[in-house]
Amino acid sequence: MLEIKDLHASVEEKEILKGLSLNVKAGEVHAIMGPNGSGKSTLANIVAGKEDYEVTKGEILLNGEDMEELAAEERAHKGVFLSFQYPVEIPGVTVTNFMKTAINETRKAQGLEEMPAKDMLKKIREKSELLEIDRKFLSRSLNEGFSGGEKKRNEIFQMAMMEPKLAILDETDSGLDIDALRIVANGVNKLKGGDNAIVVITHYQRLLEYIVPDFVHVLYDGKIVKSGTKELALELEEKGYDWIKEEINA
Amino acid sequence: MELKEKLVSSFLAFENTVDIDAPVHDIRSQAIKVFEEKGFPTKKEEAWKYTSLNTILKHDYSVFPKEENALEFKDVKKYFLHDLDTYKIVFIDGIYSSHLSETTHDKIDVCLMSSALTKDKYKPLIDNYFNKIARQDGLSSLNTAFSKEGAYIYIPKNKLADKPIQIIHFSTGKESSLLLQPRNLIIVEENSHVQIIERHQSLTENPVLTNSVTEIFADKRAVVDYYKIQNDNQNASLIDNTYIEQQAQSLASVHTFAFGGNLTRNNLNFFQKGEGIDSVLNGITIIEGKQHVDHNTLVHHTAPNCESHQDYKGIFDEKATGVFNGKIIVNKEAQKTNAFQSNNNILLSDKATINSKPQLEIFADDVKCSHGCTIGQLDENALFYMRTRGIGEKEARALMMYAFANNVLESVKIPQLKSRINKLIANKLNVDIGFDL
């Protein structure tokens, strides 16, 4: 599904990713952990198509296709979804209208007809119930005045609506209380299936109790320095990152 | 010959075409003197600091259309709100087109200024209202001097105009350049309601200058909704002088959709004359190229417990220039006034300009007045966010601009008009998605 090979990327001449490789297959859940400033959000943004970064070396393949030349919206049309660490407020655009536009623009790009209004409403109802989102919420301006937790829940609602092939969750657990965490995790787990993949970027092991990863990777200084199974996350939780830094520096 | 001299000397010829025994003759003669003395405004005047009329005054305008020109409805249908039953007062090159119009004298008068100014039965109303609130400045006086034709709307007490009224001015371009001076008078008596949509449309690239004056009187508890669609071609310039006098508990709103034209200047003046009045001034400006739109507003609060709400949004691309000058005067007696003004702008290009200037003159001590002005660009993070949801860059920009202008659109009370404005905006932004905000 997603293959990242020796990716080097920099912003304003500063190299942030320094030879990152990652291979995510359909049906898998990968967790990427690591200390602050290790390049986790950069990785998420680059895969989603943010243009502020310069890829100086390496490649990102989605189902074998090089994504370098694809704009953010084209990546979305091919099934890439990023749940933002800091979702952006868009005054004047309601959640419902935003989703309608997103889904229909994506369908248009995929050569499909617009989704009939009835189906759209049904889907919105289903997915908002899944995320336990109040109906009133849907007619509010996107993210405007939402609490941190509401924003994150709204991100996963959008994900559930878009049904992506590859979902990247960038610190979706930050700002969530335990109930919200369960709701969000439940929403993510509903998406899981044989033909899509999930990459969870997180600081803490907590979320991984609910979204159980097949693989856990440690990102440090722009590279994946250690990979393992879910036990690695527990070990990191217990011992912090210092032992990994020591291992590398040794 | 300079345009000013040409106009002054044309006045005699003009008088030959109208009845000099008519009661308005003295008003016209007085007005031409004022114009002769004051002339056209220049950038030296504070209120015209950012708008120069120099280039548009250089054309050798025809002051009187030489002949009647006709238009087929099918050719101009798109400029009408045709999916809505309305009264229509239509002018072609300044001359009334009975063919395209639909007027009435049934309970209400929706007809012509030329009748109102000449027929005896209108005399008491003309005596009472004509030229009573138009400012005695050069431009309005020029219009008064040549006042002859336009829309005359009279809604007597306790009447609801049963359908909206469209006032449309076409110019055909048969004259190589044309000066139009429509004069409208709208009287809405106690408890009465009216909705009016006004549009100026030039059909060719020949220069047109319209210097229009509209006087509106809203009596006690009257409700007046006025919509101005300014989406003209690039050689058409408009100076719109609108004066509204409101009595107690009346509600008057003017929406100005400035989407194009060469130079557009809106002088919009509200005079509140009683308590419990609400005045609403809303505008959306979306221009590009070298277009220029100047909104000059005045709200004068003279009595207690009144409100005014101004909300102007502007989107400027390429080398377009915009001006917003909003003046609010609150007299000493006008306690408990709530006066709000906001002017928000987006500049899409480095070469676009907006000059925004609030002017508050407050002499009462127990009032709430606020004004806010913002000038910014589209938020790049928001654009990226939308694009990651599959919305293309162009559409994402358009969606943001829609959202930006949306609360002004929300207050349009005629659904067909709202959807028309939506389409005009979509055209302006060059997108084809059915945003339904």
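Ser171(B) stands opposite Ser202(B), the latter in strand 8 of chain B. Strand 8 of chain B runs parallel to strand 5 of chain B (residues 165–171), to which 7 bridges join it. The model is predicted, and the predictor gives the complex an ipTM of 0.95 and a pTM of 0.87. The points below take chain B, the contact between the chains, and chain A in turn.

**Strand 8 of chain B and its partners**

- Strand 8 of chain B covers residues 193–202, and 8 of these 10 residues are buried, so the strand is mostly covered.
- Strand 10 of chain B (residues 223–231) also pairs with strand 8 of chain B, through 7 bridges and in parallel.
- In that pairing, His193(B) stands opposite Val223(B) of strand 10 of chain B.
- Strands of a sheet pair through backbone hydrogen bonds, in either a parallel or an antiparallel sense.

**Chain B as a whole**

- The secondary structure of chain B consists of 10 helices and 20 strands.
- For 437 residues the globule rule gives 22 Å, and the radius of gyration of chain B is 21 Å, close to that value, so chain B is as compact as a globular protein of that length.
- The C-alpha trace of chain B spans about 70 × 50 × 45 Å along its principal axes.
- Of the 437 residues of chain B, 50% count as buried.
- Contacts in chain B with a separation of 6 or more come to 83% from residues 24 or more positions apart.
- The mean pLDDT of chain B is 94, with 98% of its residues at 70 or more.
- Where pLDDT is low, predicted coordinates should not be read in detail.

**Gln359(B)**

- Gln359(B) belongs to strand 19 of chain B, which covers residues 353–362.
- Gln359(B) has 15 C-beta neighbours inside 10 Å and therefore counts as partly exposed; a buried residue would need 20 or more, and an exposed one would have 12 or fewer.
- Apart from neighbours within four places in sequence, Gln359(B) is in contact with Asn325(B), Gly326(B) and Lys327(B).
- Arg28(B) lies 331 residues away from Gln359(B) along the chain, and the C-alpha atoms of the two are separated by 32 Å.

**Contact between chain B and chain A**

- The contact takes 20 residues from chain B and 23 residues from chain A.
- On the side of chain B that touches chain A, the elements giving two or more residues are helix 8 (380–387) and helix 9 (393–410) of chain B.
- Helix 9 of chain B supplies the largest share of that side, 6 residues.
- The residues on the side of chain B that touches chain A divide into 10 nonpolar, 5 polar and 5 charged.

**Chain A as a whole**

- The secondary structure of chain A consists of 9 helices and 12 strands.
- A compact globule of 250 residues would have a radius of gyration near 18 Å, and the 18 Å of chain A agrees with this.
- Taken along the principal axes, the C-alpha atoms of chain A fill a box of roughly 60 × 40 × 35 Å.
- Of the 250 residues in chain A, 44% are buried.
- Among contacts in chain A between residues at least 6 apart in sequence, those joining residues at least 24 apart make up 72%.

**The sheet of chain A**

- Chain A has an open sheet of 6 strands in the order 6-9-10-3-11-12, with mixed pairing.
- Strand 6 (80–83) and strand 12 (223–228) of chain A are at the edges with a single partner strand each, so one side of each has no neighbour in the sheet.
- From one strand to the next, the twist averages 20°.
- Strand 3 (residues 29–33) and strand 11 (residues 215–220) of chain A run parallel and are joined by 4 bridges.
- The bridge partner of Ile32(A) in strand 11 of chain A is His217(A).
- Helix 6 of chain A (residues 148–162) lies across strand 6 and strand 9 (166–170) of chain A, at about 170° to strand 6 of chain A.

**Helix 1 of chain A**

- Helix 1 of chain A (residues 40–48) has 8 of its 9 residues buried, so it is largely enclosed by the rest of the structure.
- The buried residues of helix 1 of chain A include Lys40(A), Thr42(A), Asn45(A) and Val47(A).
- Gly49(A), just after helix 1 of chain A, takes a positive phi of about 105°.

Technical notes:
Residues are numbered from 1 along each chain as its sequence is written. Chains are lettered from A and ligands numbered from 1 in the order in which they are written. This is a predicted model: local features need pLDDT of at least 70, side-chain atom pairs count only at pLDDT 80 or more; totals for chains, interfaces and linings use all residues. The radius of gyration is taken over C-alpha atoms; the globule rule is 2.2 Å times the number of residues to the power 0.38. Two residues are in contact if their C-beta atoms, placed from the backbone, lie within 7 Å. Ala, Val, Leu, Ile, Met, Phe, Trp, Tyr, Cys and Pro count as nonpolar, Asp, Glu, Lys and Arg as charged, and the others, Gly among them, as polar. Two strands pair if DSSP finds at least two bridges between them. Axes are lines fitted to C-alpha atoms, for helices over the stretch in contact, and angles run from 0 to 180 degrees between N-to-C directions. pLDDT is the predictor's confidence in each residue, from 0 to 100.
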